[in-house]
Amino acid sequence: LFRSLQSIGFYVLTPFFVAAFLCAAGERRWKWILGITVALYVFLVVVFSRLFYVGLPVGTVRPFYDFSNWLLVLIR
C-alpha cells in the first residue's frame, strides 16, 4: 500500500481505499459507501491542504501527478 501511495498519490488513491475499507468492514449499502467516501475525502483534502497547509503525496506516475496538482490548484 505504501509503495502504491508513493507512485499513485494520496489524492487519487484515498477514495478507493476508503470505499474498500468500508466494504471490508461490512457496509453493503452503496449510497452510504459513496456518501461517506466523498465526505471523508473532501474533509481530509480541505483540512490538510487549506487548514494545515501540508503537502500530501501527489504521486510520481504522470496522469496521477497531473490530476493531483490540478486538484491542489483548484483547492488553493
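**Four helices, one chain: a walk through the model**

Let's start with one residue: Ile33 is buried, with a relative accessible area of 3%. That value sits under the 20% cut-off for buried. Ile33 belongs to helix 3. What does Ile33 touch, leaving out residues up to four places away in sequence? Its contacts there are Ala19, Leu22, Cys23 and Glu27. Hold on to Leu22. Leu22 is also one of the buried residues of helix 2.

A word of caution before going on. This is a predicted model. Please keep that in mind throughout.

Now the overview. How many helices and strands are there in the chain? Four helices, zero strands. Along the sequence the pattern reads α-α-α-α. The chain has 76 residues, and 28% of them count as buried. Its C-alpha atoms fill a box of roughly 35 × 25 × 20 Å along the principal axes. Next, the contacts between residues at least 6 apart in sequence. Of these, 59% join residues at least 24 apart.

Back to helix 3, which covers residues 30-51. Take Ile33 again, and add Val47. They are 14 residues apart along the chain, and their C-alpha atoms are separated by 21 Å.

On to helix 2, residues 10-24. Helix 2 has 15 residues, which should span 21 Å at 1.5 Å a residue. The end C-alpha atoms are 20 Å apart, so the two values agree. Which residues of helix 2 are buried? The list is Phe10, Tyr11, Val12, Leu13, Thr14, Val18 and Leu22. After helix 2 comes Gly26, with a positive phi near 110 degrees.

From Gly26, look across to Phe52. Phe52 lies in the loop between helix 3 and helix 4. Gly26 and Phe52 are 26 residues apart in sequence. In space, their C-alpha atoms are 32 Å apart.

Now helix 4, and I'll spend some time here. Helix 4 runs over residues 62-75. It has 14 residues and reaches 20 Å from first C-alpha to last. That is close to the 20 Å expected at 1.5 Å a residue.

Which residues of helix 4 are buried? Ser68, Leu71, Leu72 and Ile75. Why do these residues line one face of the helix? Because, seen down the axis of helix 4, the buried residues fall within an arc of 100 degrees. Turn to the other side of helix 4. There, Arg62, Pro63, Trp70, Val73 and Leu74 are exposed. And what covers the buried residues? The cover includes helix 2 and helix 3.

Zoom in on Ser68. It is buried, with a relative accessible area of 0%. Leaving out residues up to four places away in sequence, Ser68 touches Tyr11, Val12 and Val58. Two of those names should sound familiar: Tyr11 and Val12 are among the buried residues of helix 2.

How do helix 3 and helix 4 meet? Their axes come within 11 Å and cross at roughly 70 degrees. Helix 3 and helix 4 are therefore roughly perpendicular to each other. From helix 3, the contact uses Tyr41, Val45, Ser49 and Arg50. From helix 4, it uses Leu71, Leu72 and Ile75. Those helix 4 residues are buried, as we just saw.

Last topic: aromatic rings. How many aromatic pairs does a search of the whole structure find? Three. I'll describe two of them here.

The rings of Phe48 and Phe52 have their centres 5.7 Å apart. Their planes stand at 70 degrees, so this pair is edge-to-face. Phe48 is partly exposed, at 27% relative accessible area. Phe52 is partly exposed too, at 49%. Exposed would need over 50%.

Next, Phe67 and Trp70. Their ring centres are 5.9 Å apart, with the planes at 35 degrees, so the pair is tilted. Both residues lie in helix 4. They are three residues apart, about one turn of the helix. Phe67 counts as partly exposed, at 35% relative accessibility. Trp70, by contrast, is on the list of exposed residues.

To close, three things to take away. The chain has four helices and zero strands. The buried residues of helix 4 line one face, and helix 2 and helix 3 are part of what covers them. Helix 3 and helix 4 are roughly perpendicular to each other.

Conventions
Residues are numbered from 1 along each chain as its sequence is written. This is a predicted model: local features need pLDDT of at least 70, side-chain atom pairs count only at pLDDT 80 or more; totals for chains, interfaces and linings use all residues. Side-chain values use heavy atoms; hydrogens and water are left out. Helices (H or I, at least four residues) and strands (E, at least two) are DSSP runs, numbered from the N terminus. Buried means under 20% relative accessible area, exposed over 50%, partly exposed in between (1.4 Å probe, protein chains only). Contact means heavy atoms within 4.5 Å. The expected span of a helix is 1.5 Å times one less than its number of residues. The arc is that of the directions from the helix axis to the C-beta atoms. Rings of Phe, Tyr and Trp (its six-membered ring) pair if their centres lie within 6.5 Å; planes under 30 degrees apart count as stacked, over 60 as edge-to-face and the rest as tilted. Axes are lines fitted to C-alpha atoms, for helices over the stretch in contact, and angles run from 0 to 180 degrees between N-to-C directions. Angles under 35 degrees count as roughly parallel, over 145 as roughly antiparallel, 65 to 115 as roughly perpendicular and the rest as oblique.
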